[in-house]
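Visitor: I've got a new model on my screen and a few quick questions. Can you walk me through it?
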Amino acid sequence: MMNYAVEVRDLRVVRGGQVVLPSLSAQVEAGSVTGLLGPSGCGKTTLLRSVVGVQRVAGGEVRVLGAPAGSAVLRDRIGYVTQAPSVYGDLSVIENLRYFAAVIGAPPDDPERVVAAVGLAGKEAARADRLSGGQRARVSLAAALLGTPKVLVLDEPTVGLDPVLRAELWALFHRLATAEDPVTFLISSHVMDEASRCTRLLLMRQGRILAADTPRGLLASTGARDVEDAFLRLVGAAS
Amino acid sequence: MSLRRTTATARRVLEQLRHDPRTIALMLVMPCVLITLLKWTFDASPHEFQAIGAALLGIFPFIIMFLVTSVSMLRERTSGTLERLLTMPLAKGDLLGGYALAFGAVALVQALLVSALTIGPLGLSVAGPAWAVVLVAVLDALLGTALGLFTSAFARTEFQAVQFLPAFVLPQLLLCGLFTPRDQMQTALHWVSDVMPLSYAVDAMDKITSRSAVTGALIADLAIIAGAGVLALALGAVTLRRRTE
């Protein structure tokens, strides 16, 4: 039997009278770097919020590491990075991370470790609101790396980053995913060319999962040249 | 709840304030300037200053902390940091307790400064112990903090949060006995003023300035102010939802 870090069954979410996810089922393999790809507005963020347990749901079931999403046992095992960086703009980088580390109960030297991991060494004393958007996003990511999370849910973490840095962050994700104590990644993106960096893909459109496969398997089953092409073929086949 | 997380939250709120020296200056200096101005306007009738000076010592910290807290909490919601904290192992009590602790500390400094100025150079005569004046001022500040935390849940924008000041605070100001003694109000208004916590702040300050002993009635006033603060904090905790639409 496959070992799943995240299992979503018949998830239904209604927001402001609009059905965002009619009935969605999906799995995320433990230790995978799973990309959730789809156009903007297709319900990616709503699905991620449901996995983290901050989304009010209308039906279905979401389990993370075997426990219902949002349950108290998961709170120091799941890290969530929202699309807009959620850090205190009026605190320095290190003050932000020290606070979140204290809340999680991470070791005292953990803030320095995660600052280095996201390539912000030397910026510790800078106020978060004086950083560029990409740097602020990395502070937000660093906060999610604190402690020993088992599942990291990242909403468009690489938007607006320079290609070198983006490659470094993906390398970091893979390093953590293949570590002795592996971290499972669920990463959303509306940029299809990030697909090749994932070990698993979930293609999403209009609140539904179009396909769940490895990048290679997806290209083979659709006969497409790239993921963008595969997406188009899947949409064409469905309509 | 955990002591480590509560104190970490209090330290973080104070660090945010430290990065904003202008707000600290406003919180500490403004009440001193206002009370001095008040003294000056009643230059010709010192007994009027005697009557309302003490009441204002309790009202200023309430208003200032209400404003500062409701805006800080709203920022916590709109910046996404509240949502992040609620996905972490942080109890709601840790967050609210941290805010209360941090603003309570600022309120203590504020109360010490304003009380020393008012009782000293401005010459307000206080029959009771000076520490009781400071205690009432700090309790009022905590009440303002607690109400600010609670009401911020109903504000979507900073504009709305600021409008809650006239909505929640001005009625209490009108009915607390500052303008008209409460026992001379219409019966219906008297009842309303009886359930507004600020009324007990003014009553308590009146008792401290006029009587030298700490009476049971004064302790009852203090208990009511503290109880209202705890109630507002509990209501504030109910408004913090881990799951939102």
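Guide: Sure. This is a predicted model. Start with the open sheet in chain A, where 6 strands run in the order β6-β7-β8-β3-β9-β10 with mixed pairing.

Visitor: Which strands stand at the edges of that sheet?
Guide: β6 (78–81) and β10 (208–213) of chain A. Each has a single partner strand, so one side of each is left without a neighbour in the sheet.

Visitor: And by how many degrees are neighbouring strands turned against each other?
Guide: 15 degrees on average, direction ignored.

Visitor: Let's stay at the β6 end. How does β6(A) pair with β7?
Guide: In the parallel sense, over 4 bridges. β7 covers residues 151–155 of chain A. In that pairing, I78(A) sits opposite V151(A) of β7(A).

Visitor: Which helix lies across those two strands?
Guide: Helix α4 of chain A, residues 133–145. It runs at about 170 degrees to β6(A).

Visitor: Now β3(A). Is that strand largely enclosed or left open?
Guide: Largely enclosed by the rest of the structure, because 5 of its 5 residues, 33–37 of chain A, are buried.

Visitor: Which way do the residues of β3(A) point?
Guide: V33(A), G35(A) and L37(A) point one way. T34(A) and L36(A) point the other way. All are buried.

Visitor: What does β3(A) pair with?
Guide: One partner is β8 of chain A, residues 184–189, parallel over 5 bridges. Another is β9 of chain A, residues 200–205, parallel over 4 bridges.

Visitor: Where does T34(A) fit in?
Guide: T34(A) has a bridge partner in each of those strands: L186(A) in β8(A), and R200(A) in β9(A).

Visitor: What about β1 of chain A, which strand is it joined to?
Guide: β1, residues 4–15, is joined by 5 bridges to β4, residues 59–64, and the two run antiparallel. R12(A) has G59(A) as its bridge partner in β4(A).

Visitor: And what else does β4(A) pair with?
Guide: β5 of chain A, residues 67–68, antiparallel over 2 bridges. R63(A) stands opposite P68(A) there. The hairpin of β4(A) and β5(A) has 2 residues between the strands, and L65(A) takes a positive phi near 50 degrees.

Visitor: Zoom out. How many helices and strands does chain A have?
Guide: 7 helices and 10 strands. Its radius of gyration is 18 Å, close to the 18 Å that the globule rule gives for 239 residues, so chain A is as compact as a globular protein of that length. The C-alpha atoms fill a box of roughly 55 × 40 × 35 Å along the principal axes.

Visitor: How much of chain A is buried?
Guide: 47% of the 239 residues. As for contacts between residues at least 6 apart in sequence, 68% join residues at least 24 apart.

Visitor: What does UniProt place on chain A?
Guide: The unreviewed entry puts "domain: ABC transporter" at residues 6–231. Over those residues the chain is 31% helix and 27% strand. The end C-alpha atoms are 23 Å apart.

Visitor: Switching to chain B. Which domain does UniProt give there?
Guide: "Domain: ABC transmembrane type-2", residues 18–243, again from an unreviewed entry. Over that stretch the chain is 78% helix and 0% strand.

Visitor: Where are the transmembrane regions, according to UniProt?
Guide: The unreviewed entry places them at residues 21–40, 52–74, 95–119, 131–150, 162–180 and 217–240 of chain B. Over 131–150 the chain is 100% helix, with end C-alpha atoms 29 Å apart. Over 217–240 it is 96% helix, with the ends 35 Å apart.

Visitor: I clicked on G128(B). Where does it lie?
Guide: In the loop between α5 (92–119) and α6 (130–151) of chain B. G128(B) counts as partly exposed, because it has 19 C-beta neighbours inside 10 Å; buried would take 20 or more.

Visitor: What is G128(B) in contact with, beyond its neighbours within four places in sequence?
Guide: I208(B), T209(B), R211(B), S212(B) and V214(B).

Visitor: Last topic. How many residues of chain B are in contact with chain A?
Guide: 23 residues of chain B, in contact with 26 residues of chain A. On the chain B side, α1 (3–18) and α4 (81–87) are the elements that give two or more residues. By class, that side has 6 nonpolar, 7 polar and 10 charged residues.

Note on methods. Residues numbered from 1 in each chain as written. Chains lettered and ligands numbered in written order. Predicted model: local features only at pLDDT ≥ 70, side-chain atom pairs only at ≥ 80, totals over all residues. Contact = placed C-beta atoms within 7 Å. Nonpolar A, V, L, I, M, F, W, Y, C, P; charged D, E, K, R; others polar. UniProt positions renumbered as here; feature names shortened; annotations may be inferred. Rg over C-alpha atoms; globule rule 2.2 N^0.38 Å. Buried ≥ 20, exposed ≤ 12 C-beta atoms within 10 Å, placed from the backbone. Pairing = 2+ DSSP bridges. Axes fitted to C-alpha atoms, helices over the stretch in contact; angles between N-to-C directions.
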